[in-house]
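Ready to get to know a new structure by working through it? Grab the viewer and try each exercise before you read its solution.

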Amino acid sequence: MPKIVDHDERRLELVDATWRIIARLGIEGATMREIALEAGFANGALKPYFPTKDTLLTFAFRHVFNRTNERIREVTAGKAGIPALRAFCVEVLPLDSERINEARIVVPFWQKAINDPEKAAIHRESMEQWHAAILGYLAEARAQGDVGAAVDDSAVAGHLLNMLLGAQIAAALAPDNETDLALGDQLEAFLALLQGGS
C-alpha cells in the first residue's frame, strides 16, 4: 500500500527548512537545492509544492503571519485596551530566536514585494489587518480612560506598526549572538508616552 503523504505537513517542513537556511546563509544562499537538503528531500521533490523560490517565500510569509496571529489570539483572549495592545506587540516583536527567524523570512519577502505587485498586495492586506486590530485596542483604552495622548488614533496605530516592522528589520540585521535589542523597553516607553496625557 503506498504511503499517504500529508502535503500540508510537507509544505510546513519546507518553510521551517527555508528559514533555517536564510538564518544561516541569507536569502541569496537559500537556493531550492539547499532548502531541499535541509528538509531531507530530493531536489526535484520540491517542485510539486513550490515551483520556484518565490512561491516558497510567499507561502513562508503567509505562514509566519498566520502563526503570529494565532499567538496574538491566544495572548489577547480576555484582554482589552492597553493590556491587549501590549500583548499584541510582544508577539510581533522579535524578542526570541523563533521570532528573529520569522523576521528573517519577512524581510526578504518585503524586498521582493518592492517590485512584485502580488507580494505588495499580500503585505498591504496583512498590515491593514494589524492596523485595524491596533485601532480597536486603542479605542478600548481610550474608553477606559487609559490613553491620554492628544494624538489621532490612526496616527498612533501607524506609528506603532512602523515601530514593530522596524524592529523586525533591526533583529534580522543584528549579529547572531545579539538577541537583546531593548525592544521590550522601547515598547514600554511608547506605551508610557501614550498613557501620559496631552
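Below are five short exercises, each followed by a worked solution.

This is a predicted model, in which local features need pLDDT of at least 70, side-chain atom pairs count only at pLDDT 80 or more, and totals for chains, interfaces and linings use all residues. Residues are numbered from 1 along each chain as its sequence is written, and side-chain values use heavy atoms, with hydrogens and water left out.

**Exercise 1. Describe the protein chain as a whole.**

Step 1: Start with the elements. The protein chain has 8 helices and 0 strands; here helices (H or I, at least four residues) and strands (E, at least two) are DSSP runs, numbered from the N terminus.

Step 2: Get the dimensions. The C-alpha atoms fill a box of roughly 65 × 40 × 30 Å along the principal axes.

Step 3: Look at burial. Of the 198 residues, 43% count as buried, where buried means under 20% relative accessible area, exposed over 50%, and partly exposed in between (1.4 Å probe, protein chains only).

Step 4: Check the contacts (heavy atoms within 4.5 Å). Among contacts with a separation of 6 or more, 71% come from residues 24 or more positions apart.

**Exercise 2. Test the length of helix H5, then work out how enclosed H5 is.**

Step 1: The rule for the expected span is 1.5 Å times one less than the number of residues. H5 covers residues 97-113, and its 17 residues should span 24 Å; the end C-alpha atoms are 24 Å apart, so the two agree.

Step 2: Now the burial. Because 12 of the 17 residues of H5 are buried, H5 is largely enclosed by the rest of the structure. Among the buried ones are Arg99, Glu102, Arg104, Phe109 and Trp110.

Step 3: Find the neighbours. The buried residues of H5 pack against H1 (7-29), H3 (53-76), H4 (81-92), H6 (117-143) and H7 (153-173).

**Exercise 3. Find out how the buried residues of helix H8 are arranged.**

Step 1: A quick length check comes first. With 13 residues (183-195), H8 should span 18 Å, and its end C-alpha atoms are 19 Å apart, which agrees.

Step 2: In H8, the residues Leu183, Leu187, Phe190, Leu191 and Leu194 are buried.

Step 3: Looking down the axis of H8, these buried residues fall within an arc of 95 degrees, so they line one face of the helix. The arc is that of the directions from the helix axis to the C-beta atoms.

Step 4: Here's the background: an α-helix has 3.6 residues a turn, so residues three or four places apart point the same way.

Step 5: Turn to the other side of H8, and you'll find Asp185 and Leu193 exposed. The cover over the buried residues of H8 includes H4, H6 and H7.

**Exercise 4. Do the same for helix H2, and look at what comes just after.**

Step 1: Met32, Ile35 and Ala36 are buried in H2 (residues 32-39).

Step 2: Down the axis of H2, its buried residues fall within an arc of 100 degrees, so they line one face of the helix.

Step 3: Arg33 and Leu37 are exposed on the other side of H2, while H1 and H3 are included in what covers its buried residues.

Step 4: Just after H2, glycine 40 takes a positive phi of about 80 degrees.

**Exercise 5. Place arginine 124.**

Step 1: Arginine 124 sits in helix H6.

Step 2: With a relative accessible area of 46%, arginine 124 is partly exposed.

Step 3: Alanine 189 is 65 residues away along the chain, and the C-alpha atoms of arginine 124 and alanine 189 are separated by 27 Å.
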